[in-house]
Amino acid sequence: MCTGNRFRSPVVEGFLCRQLAPHGVSVESAGLQKLGPVPALPEIVALCASVNLDVSAHRARSLSGLDLVSSDLVIGFERAHVVEAVVEAHARREATFTLLELLELCDGIEVPPGTSPHERARAIIARAAARRGRRLWPGADNEIPDPLGQPGNTYAATVKWLGALSEELAQTLFGSPSPSPEGLSSPDG
């Protein structure tokens, strides 16, 4: 989930689709705004292509009218995305996180050996939700701000960072290395 479904969410959707395909996981993205079926931003299509990720066929989709109650995991980038997913699209609170919040909550969670990849992912998500406890919404420090309107180097850094975070999420939930382009790191380096 992101705001317009033209930058952050299509990038993470693309990375996660590639990384989780061997596990048969379905990944879809949406945005809060009703923009119609417009493509990802041209700059994002080009930046993704530079890391061997094709998002050229992506078309924006609105959260409006979606029912996320049966989704195993819903990820947003900002608190507003999490709130809207829960309130408007009926996502289960215990399965809805910001990306940074989820990765933080998952840190150090162990799953018994021999657990299937899907059981492993569900167990980790449940334990992350239990760690969150009664806190209602993620803090502002767990947000990935919208880079729209920022300089071009911010776009490139954000795509690389989202790629690295997607890889970390796939590794955390499914425990197996996933294919990823080289050179992905946080915007700080």
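In the next few minutes I will go through the overall fold of this chain, two asparagines, one arginine, the salt bridges and a charged surface patch.

Please keep in mind throughout that this is a predicted model. The chain has 189 residues, of which 45% count as buried, and its secondary structure comes to six helices and two strands. Read from the N terminus, the elements follow the order α-α-β-α-β-α-α-α. If we take the contacts between residues at least 6 apart in sequence, 69% of them join residues at least 24 apart. The accessible surface comes to about 9,300 Å², and carbon and sulfur atoms account for 53% of that area.

Let me turn to the backbone, and to two asparagines. Asparagine 5, in the segment before α1, which spans 8–20, has a phi near 65°, a positive value in a residue other than glycine. Asparagine 52 also has a positive phi, in this case about 60°, and sits in the loop between α2 and β1. Which of the two is buried, and which is exposed? Asparagine 5 has a relative accessible area of 0% and is therefore buried, whereas asparagine 52, with a relative accessible area of 64%, is exposed.

Asparagine 5 comes up again when we look at arginine 59, because arginine 59, leaving aside residues up to four places away in sequence, touches Asn5, Pro37, Val38 and Pro39. Arginine 59 is found in the loop between α2 (42–49) and β1 (74–76), and with a relative accessibility of 41% it counts as partly exposed. Its C-alpha lies 9.4 Å from that of alanine 30, although 29 residues separate arginine 59 and alanine 30 in sequence.

Now to the salt bridges, of which a search of the whole structure finds seven. One of them pairs the side chains of aspartate 72 and arginine 122, at 3.4 Å from N to O. Aspartate 72 belongs to the loop between α2 and β1 and arginine 122 to helix α5, residues 117–132, so this pair ties together parts that are 50 residues apart in sequence. Both partners are partly exposed, aspartate 72 with a relative accessible area of 43% and arginine 122 with 45%.

A second pair is glutamate 94 with arginine 92, where the closest N and O atoms are 3.4 Å apart. Here glutamate 94 is partly exposed at 42% relative accessible area, and arginine 92 is partly exposed at 29%.

Glutamate 101 and arginine 132 form another salt bridge, with the closest N and O atoms 3.2 Å apart. Since glutamate 101 lies in helix α4 and arginine 132 in helix α5, the pair ties together parts that are 31 residues apart in sequence. And are these two residues buried or exposed? Both glutamate 101 and arginine 132 are buried. In addition, Arg8, Glu78 and Asp146 are joined into one network by salt bridges that share partners.

I will finish at the surface, where Glu104, Asp107, Asp141 and Glu168 form a negative patch. Residues enter such a patch only with over 30% relative accessible area and no salt bridge. Glutamate 104, which lies in helix α4, residues 99–106, has a relative accessibility of 48% and so counts as partly exposed.

Note on methods
Residues are numbered from 1 along each chain as its sequence is written. This is a predicted model: local features need pLDDT of at least 70, side-chain atom pairs count only at pLDDT 80 or more; totals for chains, interfaces and linings use all residues. Side-chain values use heavy atoms; hydrogens and water are left out. Patches are made of residues with over 30% relative accessible area and no salt bridge: like charges are joined within 9 Å, nonpolar side chains (Val, Leu, Ile, Met, Phe, Trp, Tyr) within 5 Å. Accessible areas come from the Shrake-Rupley method with a 1.4 Å probe; for residues, only the protein chains shown count as cover. A salt bridge is a side-chain nitrogen of Lys or Arg within 4 Å of a carboxyl oxygen of Asp or Glu. Lys and Arg count as positive and Asp and Glu as negative; His and the chain ends are not counted. The place of a charge is taken as NZ of Lys, CZ of Arg, CG of Asp or CD of Glu. Helices (H or I, at least four residues) and strands (E, at least two) are DSSP runs, numbered from the N terminus. Buried means under 20% relative accessible area, exposed over 50%, partly exposed in between (1.4 Å probe, protein chains only). Contact means heavy atoms within 4.5 Å.
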